Amino acid sequence: MTCDAVLSLTAYDFEPVSVDVLKSWIAEEWNKEVYAVGPLLASKPTTYGIASDSTIISSEVETFLDKSLKEYGEKSLVLISFGSLFWPSVLEYLEEVIEALIEMNFPFIVSYASPFAKIPDDIIDRINSVGSGLISKWIPQKFILNHPVTGWFITHAGQSGVLESLDSGIPMICWPFEFDQPLASAHLSEHLNTAFELIEVRTGEYGMKPLHRNGRKPKGTREAVGAEIRVVLTACRQEKGTELRKNAEEMKAKFGQSWGPDGVSRKDFNAFLGKAPCILAARIAKEHYNLVVTIIVSPLYFKNAEAEISAEFDGDEVSQATRQRVRIISTYKPDKEDIFVHIISMFQSYPIAYKSLLETKPITCGVTGQVLDAVAAPDAVFIDVYASPLLSATRSITGNTIPIIALCPVHVSFILHLHGPEYMNGHGDLNAKIEAEAARRGITAKEIGDTVILSLKSVIRTPIHRTNADILPHRGKVNQGSRTPSDVRLGTFPAKGLKTCDAAFSLSAYDLEQESVDAMKSWFAEEWNKEVYTVGPLVPSKPTTYRIAAPEKSSLSSDIEAFLDKSLKEYGEKSLVLISFGSLFWPVVPEYMDEVIEALIEKKFPFIVSFASHFAKISDELIDKINSTGSGLICKWLPQKFVLNHPATGWFITHAGQSGVLESLDSGIPMICWPFRFDQPLASAHLSENLNIAFELVEVRTGEHGMKPLHRNGRNPKGTREAVGIEIREVLDACRGEKGAELRKNAEEMKAKFRKSWKPDGVGRKDFNAFLDKYGINLS
């Protein structure tokens, strides 16, 4: 309840349904994100984990593995390990399993790392006498699982062991004890079909009860355990074992893609990152020949940052010297994919790198190994408002001598809604309110957690939504489904950055949300005597197809360009509909998406669907139908701005996130908004009600709050596919009518305003120049 987000160490491909449900629950209950970033495993397993005692040393384990491979062949050895905590409470059961392995001529290794582990001397003597087994207190588990001799893993089904086993393509024999293990065992054996599950080994009051799934009940005897394990070991060498191994190998392949460029875990991590600062750096570097920009990024985003900057430079007569003045570095060398290692490494290495820049010393990039020349000390530091720990580190090193600017990558209206003062209908200083309530109760703020937000209306007097027209500094009214009360909790983390920075850079466009920007400027000036500079829109000057990944044929650059040109020829200008919800969001009711696509086909709109989110679910039947009609194209990644700029594109179905909205309007493309959460419902209301440059879909809303009536007109979604179908068809008809022409005219006018923003007298340019003047930064 009290966290700002959740990082799950599981693998999405291992339990996609559970991950989706967890994401949905956390989103609907607390409006927070869940990032599934596993599997996080050693990329090059070694024998480093072996303790060198009298029983076993590294060479003995490797020798035993190699000997077993020679004598028994590949995939023959059984590894038995229950982690560092668990051990069978009935020792006879383990003895019976070992007896069965010896009897059936399986080589095996037993790890007894648990302090509860007990193995009688007579069993150890028997194992040593037959020569087919090895016992060790510590083992390099992943190294053994990766060895070609290893074929099966008897495990308690804890998360770490399961992920390591599947990452090695090794099927399991599950012996669960408690906690998450029984559920994991059932999932592995019943759903994924990558494991056998032992039932007769169960013990305890609950373990001896019948299983709900089939009514089977353990007999509670060594004899029953012996019979079961022999049946399982026999099956390991037969057709069923082959089937499980094939499924485990397939899961291994999926795991291998998870942290690739298009992997689900990589994308979840990259969801934190943005491209606007790279565009800003390249843009001003082209204009100011004595400017040097050093961009510090995570190794995970290094290639993306390079691509963004290259795209901004492409097509211009930019000298190599100019390109070299925009320097991208990672402050540490990535040796593991573990996201926590990356976070810790960034926090540890950033202060060292920052001090090197201050002391005008050369600095080495951890990714490329390139040593960047020493340059003058920085005149300003820009830090994402969601990375406030780095802001604090910067402040502790240079105090107030160098200005720290907070980059704000969301709609301004959302910042005001969460953090703005109550007289602007914001929530005010939540941290102060939590502290006050804690003092009133006589407890700590930590003990309160989210309860002050979820239930204490006396503390947070601002209603969740208002019926009046001025809920936001812009006049649009939002619907009751736009957020849950704990949406506010999401913002307590960046609130620190807003409060402690010297100024803020909004990446929004002034012409997009004038009243909100003016209100934020007024709030900062009155409360902290600080400036807010609105420097957007920061979109690629010359969009290209460079961002297309090519995991499959349909998403190749040439295919998309050919489809756009074909649509232009067959349907004419402004005919195509682009559907994209970014890299995180996707409709939770697949039938609603199916209905929208059905309507596009029926109404003869050419369209492109991007399904970058790993929530994306499109049925094979629908894909076949799209391919058979020839009017649609589906791809995992697309060059969004390139598509929006193409003359065939006429409409954009979007979740209304900041980046997509700015890119759409910068191309003069009106939108059909399908908002989910965070800043999106507010933006959708503003785009449709105030700016009149978008239609807003209401029937697509879901969840407890999304189904409530809208304050602005009392309308509430019906919650049916039929209602979605009626609404989208009405909207598509309107796109081709007078209302559509009106929205397009307004979008084109906004495009013209955006194009002026960075002209000599443009609002973005003037705000940026005001920042330079304020802090005495001379770029001439």
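I take buried to mean under 20% relative accessible area, and I note at the outset that the model I am reading is a predicted one.

**Overall count.** I began with the whole chain, where I found 32 helices and 22 strands, and where buried residues make up 56% of the 780 residues. I then looked at the contacts with a separation of 6 or more, and 72% of them are accounted for by residues 24 or more positions apart. The chain exposes about 33,000 Å², of which carbon and sulfur atoms supply 53%.

**Helix α22.** I looked up residues 514-528, which form a helix of 15 residues reaching 21 Å from its first C-alpha to its last, close to the 21 Å expected at 1.5 Å a residue. I listed the buried residues of α22 as Ser 516, Val 517, Ala 519, Met 520, Trp 523 and Phe 524. These residues are on the same side of α22, because they cover an arc of only 160° around the axis. Just after α22, I noted that Asn 529 takes a positive phi of about 60°.

**Ser 76.** I placed Ser 76 in the loop between α2 (58-72) and β3 (77-81), and I recorded it as buried, with a relative accessible area of 12%. Its side chain reaches the backbone oxygen of Gly 73 at 2.7 Å; leaving aside neighbours within four places in sequence, I found Ser 76 in contact with Ser 68, Phe 106, Pro 107, Val 149 and Gly 151.

**Salt bridges.** I searched the whole structure and obtained 31 salt bridges, and I followed up several of them.

Glu 228 forms a salt bridge with Arg 216, with the closest N and O atoms 3.0 Å apart. Glu 228 lies in helix α9 (residues 222-236) and Arg 216 in the loop between α8 (204-207) and α9, so this pair ties together parts that are twelve residues apart in sequence. I noted that Glu 228 counts as buried at 9% relative accessibility, whereas Arg 216 is partly exposed at 33%.

For Asp 666 and Lys 641, I read a salt bridge of 3.0 Å, N to O, which links distant parts of the chain, namely helix α27 (residues 658-666) and helix α26 (residues 640-645), the two residues being 25 residues apart. Asp 666 is buried, with a relative accessible area of 7%, and Lys 641 counts as buried at 4%.

I also checked Arg 715 and Glu 727, whose closest N and O atoms are 2.9 Å apart in their salt bridge. Arg 715 is partly exposed, with a relative accessible area of 33%, while Glu 727 counts as buried at 7%. Lastly, I noted that salt bridges sharing partners join Glu 95, Glu 96, Glu 103, Arg 222 and Arg 230 into one network.

Key. Residues are numbered from 1 along each chain as its sequence is written. This is a predicted model: local features need pLDDT of at least 70, side-chain atom pairs count only at pLDDT 80 or more; totals for chains, interfaces and linings use all residues. Side-chain values use heavy atoms; hydrogens and water are left out. Helices (H or I, at least four residues) and strands (E, at least two) are DSSP runs, numbered from the N terminus. The expected span of a helix is 1.5 Å times one less than its number of residues. Buried means under 20% relative accessible area, exposed over 50%, partly exposed in between (1.4 Å probe, protein chains only). The arc is that of the directions from the helix axis to the C-beta atoms. A polar contact is a pair of N or O atoms within 3.5 Å; within protein, one must be able to donate a hydrogen and the other to accept it, and residues adjacent in sequence count only if both atoms are side-chain atoms. Contact means heavy atoms within 4.5 Å. Accessible areas come from the Shrake-Rupley method with a 1.4 Å probe; for residues, only the protein chains shown count as cover. A salt bridge is a side-chain nitrogen of Lys or Arg within 4 Å of a carboxyl oxygen of Asp or Glu.
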